[in-house]
Amino acid sequence: MAARARTRDRTGVSERPFAAPSRSWLWLCALHATASLLVWWSGQHTAESPLVWRAADWAHQPWTLWTSAWAHLNAPHLIANLLAMGGVAAAGWVLRPDARCTVAWLLAWPLSQISLLVWPQVAYAAGLSGLMHTGTLLLAVQLALGRLRGGRWWGLLLMWGVLTKVLLEHGWSKPLVWEPDTGIQVVQAAHVAGAFWGVALGLVVALWPPRRPGRGAKKPAEAGS
């Protein structure tokens, strides 16, 4: 009798079929890196820039929910985030997440920014670090739940590493911390918000069924037993 084409990991837990990988994750990483460089070269990267999100007037400048991620206040800030974005892109290249992960990451973009209103101490925020916490945890949750090709333990280890970093920072009680290495105030609250949306949307993606192939598409071969 034919068995369903579901796989089982070494623990015996049934996994859902993998969705088709998409290049959209890599394109989004490229967009963030390229836009960050363009904003830097344009000179629109100061705290007073119309591209930077500010708690007091963001409702009158709603585009800053997106553009603020591309503004970096100095060169070390930019370089550090571009290197980290390279790591997120490399993870996407290896793990090949599908379009659902990219859609979730896109949703987290404005949600992470507007979540900073929870902390009245945060007057403005700029940079990609919050979004990268989201992207990393999105991938980690998919790995841990067996939704991506790769070991579950790697996903759990990645989740443990990122969440431990966020917990040690105490960003919920210390939303702003001076960072002498970059010469700016780091908005640790953005890391908390990014981590929250990464886990929450990662679980949503895990429950979101992959798109079924069209009528003309061939059915995958079933595993016989």
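This briefing goes through the overall make-up of the chain, one of its helices, its salt bridges and a few single residues. The model is a predicted one. Its chain has 225 residues, and 43% of them count as buried. The secondary structure consists of 7 helices and 6 strands.

**Overall make-up**

- Read from the N terminus, the order of elements is β-β-α-β-α-α-α-β-α-α-β-β-α.
- Among contacts in the chain with a separation of 6 or more, 74% are between residues 24 or more positions apart.
- The chain has an accessible surface of about 12,700 Å². Carbon and sulfur atoms account for 67% of that surface.

**Helix 4**

- Helix 4 covers residues 99–114, which is 16 residues. From its first C-alpha to its last it reaches 24 Å, close to the 22 Å expected at 1.5 Å a residue.
- The helix has a kink of about 30 degrees at Ala 108. The proline Pro 110 follows shortly after that point.
- Both Ala 108 and Pro 110 belong to the buried residues of helix 4. Others in that list include Trp 105, Trp 109, Cys 101 and Gln 113.
- Arg 100 is also one of the buried residues of this helix, and its relative accessibility is 12%.

**A nonpolar patch on the surface**

- Val 103, Leu 107 and Trp 208 make a nonpolar surface patch of about 260 Å².
- Val 103 and Leu 107 have numbers that fall within helix 4, residues 99–114, while Trp 208 lies in the segment after helix 7 (188–207).
- Trp 208 counts as partly exposed because its relative accessibility is 37%, and partly exposed covers the range between under 20% (buried) and over 50% (exposed).

**Salt bridges**

- Side chains of opposite charge can pair when their charged atoms come close. This structure holds 3 salt bridges.
- One salt bridge joins Asp 98 and Arg 100, with 2.6 Å from N to O. Asp 98 counts as buried at 7% relative accessibility, and Arg 100 counts as buried at 12%.
- Another salt bridge joins Glu 169 and Lys 165, with 2.7 Å from N to O. Both residues lie in helix 6 (residues 152–169), 4 residues apart, which is about one turn of the helix.
- Glu 169 is buried, with a relative accessible area of 18%. Lys 165, in contrast, is partly exposed at 34%.
- A salt bridge also links Asp 57 with Arg 54, where the closest N and O atoms are 3.7 Å apart. Asp 57 counts as partly exposed at 25% relative accessibility, whereas Arg 54 counts as buried at 18%.

**Ser 36 and its surroundings**

- Ser 36 is located in helix 1 (residues 24–42).
- Ser 36 is buried because its relative accessible area is 1%, and buried means under 20%.
- Leaving out residues up to four places away in sequence, Ser 36 touches Ala 69, Trp 70, His 72, Leu 78, Leu 82 and Leu 128.

**Ala 126 and its surroundings**

- Ala 126 sits in the loop between strand 4 (124–125) and helix 5 (129–144).
- Apart from neighbours within four places in sequence, Ala 126 is in contact with Val 52, Ser 68, Ala 71, Leu 73 and His 77.
- Ala 126 and Ala 190 are 64 residues apart along the chain, and their C-alpha atoms are separated by 9.4 Å.

**Two residues with positive phi**

- Arg 96 has a phi near 55 degrees, a positive value in a residue other than glycine. Arg 96 is in the loop between helix 3 (75–95) and helix 4.
- At 38% relative accessibility, Arg 96 counts as partly exposed.
- His 170 likewise has a positive phi, near 55 degrees, and is a residue other than glycine. His 170 lies in the loop between helix 6 and strand 5 (176–179).
- His 170 is partly exposed, with a relative accessible area of 34%.

Note on methods: Residues are numbered from 1 along each chain as its sequence is written. This is a predicted model: local features need pLDDT of at least 70, side-chain atom pairs count only at pLDDT 80 or more; totals for chains, interfaces and linings use all residues. Side-chain values use heavy atoms; hydrogens and water are left out. The expected span of a helix is 1.5 Å times one less than its number of residues. The bend at a residue is the angle between axes fitted to the seven residues ending there and the seven starting there. Buried means under 20% relative accessible area, exposed over 50%, partly exposed in between (1.4 Å probe, protein chains only). Patches are made of residues with over 30% relative accessible area and no salt bridge: like charges are joined within 9 Å, nonpolar side chains (Val, Leu, Ile, Met, Phe, Trp, Tyr) within 5 Å. Accessible areas come from the Shrake-Rupley method with a 1.4 Å probe; for residues, only the protein chains shown count as cover. A salt bridge is a side-chain nitrogen of Lys or Arg within 4 Å of a carboxyl oxygen of Asp or Glu. Contact means heavy atoms within 4.5 Å.
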